[in-house]
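Work through the exercises below with the sequence and coordinates open. Try each task before reading its solution.

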2 protein chains.
Amino acid sequence: MNIAIIAAAGAGTRMASDRPKQFLLLAGTPVIFHTLKVFEQCDSIDEVIVVLPAEESAGFLSLAGKFGVRKLARVVPGGATRADSVKRGLMAIRSATAEIVAVHDGVRPFVTVEELDATIAAAKSDGAAILVAPATDTIKQVGDGAVVKTLDRGTLRRALTPQCFRYELLREAYQNADVNDPSLTDESALVEQLGKRVSIVEGSARNIKITTAEDLAIAEAILAAD
Amino acid sequence: MNIAIIAAAGAGTRMASDRPKQFLLLAGTPVIFHTLKVFEQCDSIDEVIVVLPAEESAGFLSLAGKFGVRKLARVVPGGATRADSVKRGLMAIRSATAEIVAVHDGVRPFVTVEELDATIAAAKSDGAAILVAPATDTIKQVGDGAVVKTLDRGTLRRALTPQCFRYELLREAYQNADVNDPSLTDESALVEQLGKRVSIVEGSARNIKITTAEDLAIAEAILAAD
C-alpha cells in the first residue's frame, strides 16, 4: 500500500492574510483541495494522511466531504516545524502493509498524476526518489561578503515534492533526526545522511510552492493559461 | 562617469507572444521603460547604453523620446548571445572617463535606486560587485540520476543584476571571453575567472527577471501590491 503524507501544517505567516496559505482560494477552491484532487486521481496512491494545524481539523473534514476526498485516511495535528509535522504523519501510519510513503507539500497543487506515478515507481525500484526541477537562476556560492564560485547549473536541481521513500527507510531516517533543526528543509536530506541513494525524477517548474501573495497570483496565471 | 549597459537584445522566444518580452506591457508601459525609469532616477548613473535587437532600434528611440529617457547615450544592436550583446555594449563606451559599468537585464524592472546605488558603491570600493538574493528552494547537487548532496542554502545566493565593475576590469574580463559559451550566464563569472574578488550586495527577491507569461503575471501582482 502506498500512502501520501500531505504536509499542510504551516500557519502561513509569510502571506499577508489571516488564513493559512493552504486554505486560500485558487479559482474558488482552497489550494489544498487542488492538491488533494491529484492524489485522488493517481492510481499509485491508496491512502492520504493530511497534517494540519490542530484548529483547522474540523473545518477541513467538512470540506473534505464536500470535495469528495475518498482516500483520506487520517487528519493529524502538525508540530512546530515541517520535519516535526511530517514525522507525526509518519507515526500515524498504522498499516503493516505500507510500502511507499510519498511526502508532498499541501501548497504544491500543480504536481501531475504522471509526476507522482513516476516518483513512486522510482522509489519502489531505488528505495528513495524525489521530484526536481532545473535551477533557473545562476547560483553562486558565497562567503565573507564575496562570491566564492559560480556553481555549474547543469549539476544543480531545485528539490520539489513529492519525495517518495520505502516506508522502513523513511522511518529509519526520522528515528534519529532532530526535527527542530531548521536546516532540515526536506526528507531527502535525512535519507542522504544515512548514505542511501536518492534518485531524481525530472519534473516541471510549474510545480510551484504557494507561500506568498505573488505565488498565488502566479498560480492563478498558470490555471488561466491551461 | 558611471555607465549602465541595459541588456535587452533577447528575442523573447520563451514568451508565447510575437513581441520580445522587454516590450510587453506592464501596467500599460513596456517593461524596459519601467527598468529605464529606475536608472533615470538614480544619481549614481550618468549614461545609459541600451542593447537591443537591431530591428527594434527605430521604434525604441521614438518611445524613449515619449518616456523622457534623458540619460540614453547610445542604442547598440545585440549579438547572438547575451555575453556577445553585453560585449557590444561595452565596446560602444567611448569615454575615457568611464569609471563603473553597471550591467543590468532590461527585463528586471523591480530593481530599486537604493540597490543600484549600493552595488555601484561596492564596485567602486572593491572593483566588482553584484546584487544577489537568497536561494529560496532546497538546492541539490546531482549526478548519475541521483542526489550527490544537499547544498547548504545559507552559503548560496541567486545572482541578480545589476552587476557592477570598474570599466578596465570588465574590459579585461571580456578580452579573452568566448561569448558563444552557453555556460557564460553572467558577467561576474568572467571576472571570477580572472581570480578577482566579486563582492555581493544583498538585494530583494522582488527583483525578478520577466521571461515567461507567468513572470508577467507576477510582475502585475507586484505592482498591484505596491
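**Exercise 1. Place strand S6(A) among its partners.**

Task: find which strands pair with S6(A), and in which sense.

Solution. Start with strand S1 (residues 2-7) of chain A: S1(A) and S6(A) pair in the parallel sense over six bridges. Strands count as paired if DSSP finds at least two bridges between them. Strands (E, at least two residues) and helices (H or I, at least four) are DSSP runs, numbered from the N terminus. Check one position: Ala7(A) lies opposite Asp105(A). Next, take S10(A). S6(A) and S10(A) run antiparallel, joined by four bridges. Here Val103(A) faces Gln163(A).

Conventions: this is a predicted model, in which local features need pLDDT of at least 70 and side-chain atom pairs pLDDT 80 or more, while totals for chains, interfaces and linings use all residues. Residues are numbered from 1 along each chain as written, chains are lettered from A and ligands numbered from 1 in written order, and side-chain values use heavy atoms, without hydrogens and water.

**Exercise 2. Explain the setting of S6(A).**

Task: why is S6(A) described as largely enclosed?

Solution. Count buried residues (under 20% relative accessible area, 1.4 Å probe, protein chains only; exposed is over 50%, partly exposed in between). Six of the six residues in S6(A), residues 100-105, are buried, so the strand is largely enclosed by the rest of the structure. Now split by direction. In a regular strand, side chains alternate between the two faces of the sheet. Ile100(A), Ala102(A) and His104(A) point one way. Val101(A), Val103(A) and Asp105(A) point the other way.

**Exercise 3. Describe the interface of chains A and B.**

Task: give its area, its residues and its polar links.

Solution. Area first. The chains bury about 3000 Å² between them, 59% of it on carbon and sulfur atoms. Buried area is the accessible area (1.4 Å probe) lost on being put together, summed over both parts. In chain A, Lys140(A), Val142(A) and Glu214(A) lose the most, together 18% of what that side buries.

Then residues. Each chain gives 34 residues to the contact, meaning heavy atoms within 4.5 Å.

Then charge. Six salt bridges cross the interface, each a Lys or Arg side-chain nitrogen within 4 Å of an Asp or Glu carboxyl oxygen. Glu192(B) and Lys140(A) form a salt bridge at 2.8 Å, N to O.

Last, strands. S10(A) runs antiparallel to strand S8 (residues 139-143) of chain B, with three bridges. Leu156(A) stands opposite Gln141(B).

Key. Buried area is the accessible area (1.4 Å probe) that two parts lose on being put together, summed over both. A polar contact is a pair of N or O atoms within 3.5 Å; within protein, one must be able to donate a hydrogen and the other to accept it, and residues adjacent in sequence count only if both atoms are side-chain atoms.
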